[in-house]
Each structure stands twice: as structure tokens, then as C-alpha cells.
Amino acid sequence: MAALGRRLVLAAAIAGLAYTAAPTLGANAASCPPGTEPFAEYRLFFGRSQGEAEVVSEAAWRAFLADEVTPRFPDGLTALDAAGQWREGSGTIVQERTKLLLVLAPPGEDAMKRTDEIADAYKRAFGQSSVLRVVTAACVSF
């Protein structure tokens with residue numbers, strides 16, 4: 001339970017840091033190379049297990065993506081399969097299949113709010129304690 005608490009505190013701290021940093025990520029029109037524009041890159045990591053049981057099937061993930069993610073980011077996104085790993089407080093290495101969601105959006109609180117909503121919906125739907133989110137500045141062109 002202590003390890004879970006530490007993970008929750010770490011996830012909350014990262015989410016809070018990302019939330020406060022989102023509007024001023026550093027990429028702006030002046031710092032981006034010609035032909036690109038500033039965006040925020042959101043990376044969300046969704047664990048698929050509880051204990052040793054996988055609770056998020058491919059069908060459940062596809063439904064979540066269609067119902068919760070796509071309506072919030074209809075302009076586009078990328079979802080990848082990943083292998084997650086971390087060390088519990090006991091020293092045990094835990095591994096699980098993971099989904100990695102990549103979203104590029106204009107920087108600001110609106111996109112951050114939508115990623116909050118997605119993370120909250122995932123935790124509720126699948127009994128997860130956290131969703132890791134990383135927010136970085138990016139210069140993009142389409």
C-alpha cells in the first residue's frame with residue numbers, strides 16, 4: 001500500500017507540474033524553426049493490469065478510445081502498444097502491457113483539461129490508480 005501511495009503522490013505531482021507548465025511550455029512562434037508552429041505534446045501512459053490480471057482487453061481499449069478519447073481530440077492522435085515497468089516499494093519489478101497515447105494540440109489549459117478528463121475516465125472505467133501524463137513543448141508542421 002505504501003508503494004501505491006508513493007506512485008499516486010508522484011503521479012499527482014507530475015500532473016500538477018504539467019498542468020501549471022502547460023500554458024508556458026517554452027515553444028513559441030519565435031523559437032520554432034520556419035515552417036513549424038508551437039504545439040504541446042501530451043503523452044499518456046495507460047496500464048492495463050490490476051495485480052497480475054490484465055483488465056483492459058483490446059476490445060475495451062478500442063471502445064475507450066472511441067468513446068472517451070476521440071471525441072476530445074477529433075483532429076488526430078496516435079495510440080501505441082508499450083511495455084510498462086516500475087519498482088514497487090518492496091523492490092519487486094512489476095511489468096505490464098501498456099497503451100501509450102500521443103496527442104499534439106495547441107498549448108493551453110483546454111487541451112490539458114481534456115487530458116485530465118481522459119485520465120479520470122480511464123481510472124474510473126478500469127479501476128486504475130493512476131495514468132502517467134507527460135507534457136512537452138513541440139514545434140510541428142503538417
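## A walk through the fold, starting at a pocket

The lining of the second largest pocket is made up of 9 nonpolar, 2 polar and 3 charged residues. That is a handy place to step into this structure, which is a predicted model. The pocket has a volume of about 230 Å³. Its lining counts 14 residues, and those nearest the centre are F39, D75, G76, L104 and A105. Among the elements of the chain, strand β5, which covers residues 93-105, gives the most to this lining, with 3 residues. As for how such spaces are found at all, rolling a probe the size of a water molecule over the atoms shows where empty space is left.

Now let us step back and look at the whole chain. The protein chain holds 3 helices and 6 strands. Read from the N terminus on, their order is α-β-β-β-α-β-β-α-β. The chain has 142 residues, and 32% of them count as buried. Its accessible surface comes to about 8,100 Å², with 56% of that belonging to carbon and sulfur atoms. If you take the contacts with a separation of 6 or more, 72% of them are between residues 24 or more positions apart. Several of the residues below give you a chance to see such pairs one by one.

A good one to begin with is Y42, placed in strand β1, which runs over residues 37-47. Is Y42 buried or exposed? With a relative accessible area of 0%, Y42 is buried, because the cut-off for that class is under 20%. Leaving out residues up to four places away in sequence, Y42 touches L101, L102, V103, A105, G108, A111, M112, T115, R133, V134 and V135. Take L102 from that list: Y42 and L102 are 60 residues apart in sequence, yet their C-alpha atoms are 5.8 Å apart in space.

One of the partners of Y42 is T115, and T115 takes us into helix α3. What span should this helix have? The 18 residues of helix α3, numbers 109-126, should span 26 Å at 1.5 Å a residue, and the end C-alpha atoms are indeed 26 Å apart, so the two values agree. If you redo the sum, remember that the expected span is 1.5 Å times one less than the number of residues. The buried residues of α3 are A111, M112, R114, T115, I118, A119, A121, Y122 and F126. Just past the end of α3 comes G127, which takes a positive phi of about 65°.

Within the helix, T115 is buried, with a relative accessible area of 1%. Setting aside residues up to four places away in sequence, T115 touches Y42, L44, F73 and R133. The C-alpha atoms of T115 and V103 are separated by 9.2 Å, and these two residues are 12 residues apart along the chain.

K123 also sits in helix α3, but K123 counts as partly exposed, at 28% relative accessibility. Beyond its neighbours within four places in sequence, K123 is in contact with Q128, S129, S130 and V131. There is a long step in sequence here too: K123 and F46 are 77 residues apart along the chain, with 9.0 Å between their C-alpha atoms.

Q128 leads us on to S49, a residue of strand β2, which covers residues 49-50. Not counting residues up to four places away in sequence, S49 touches E54, V55, E96 and Q128. S49 has a relative accessible area of 16%, which makes this residue buried, since the class takes in values under 20%.

Our last stop is T78, in strand β4, which takes in residues 78-87. At a relative accessible area of 37%, T78 is partly exposed. Which residues is T78 in contact with, once its neighbours within four places in sequence are left aside? They are L100, L101 and L102. T78 and L100 are 22 residues apart along the chain, and their C-alpha atoms are separated by 8.1 Å. L101 and L102 should look familiar, as Y42 touches both of these residues. With that, the tour has come back to the partners of Y42 in strand β1.

Notes:
Residues numbered from 1 in each chain as written. Predicted model: local features only at pLDDT ≥ 70, side-chain atom pairs only at ≥ 80, totals over all residues. Heavy atoms only, no water. Helix = DSSP H or I, 4+ residues; strand = E, 2+ residues; numbered from the N terminus. Buried < 20%, exposed > 50% of the residue type's maximum accessible area, 1.4 Å probe, protein only. Contact = heavy atoms within 4.5 Å. Areas by Shrake-Rupley, 256 points an atom, 1.4 Å probe, with all protein chains shown as cover. 1 Å grid on protein atoms, 1.4 Å probe; cavity = no way out; pocket = protein on both sides within 12 Å on 5 of 7 lines; lining within 4 Å. Points joined across faces, edges and corners; volume = space filled by probe spheres on them. Nonpolar A, V, L, I, M, F, W, Y, C, P; charged D, E, K, R; others polar.
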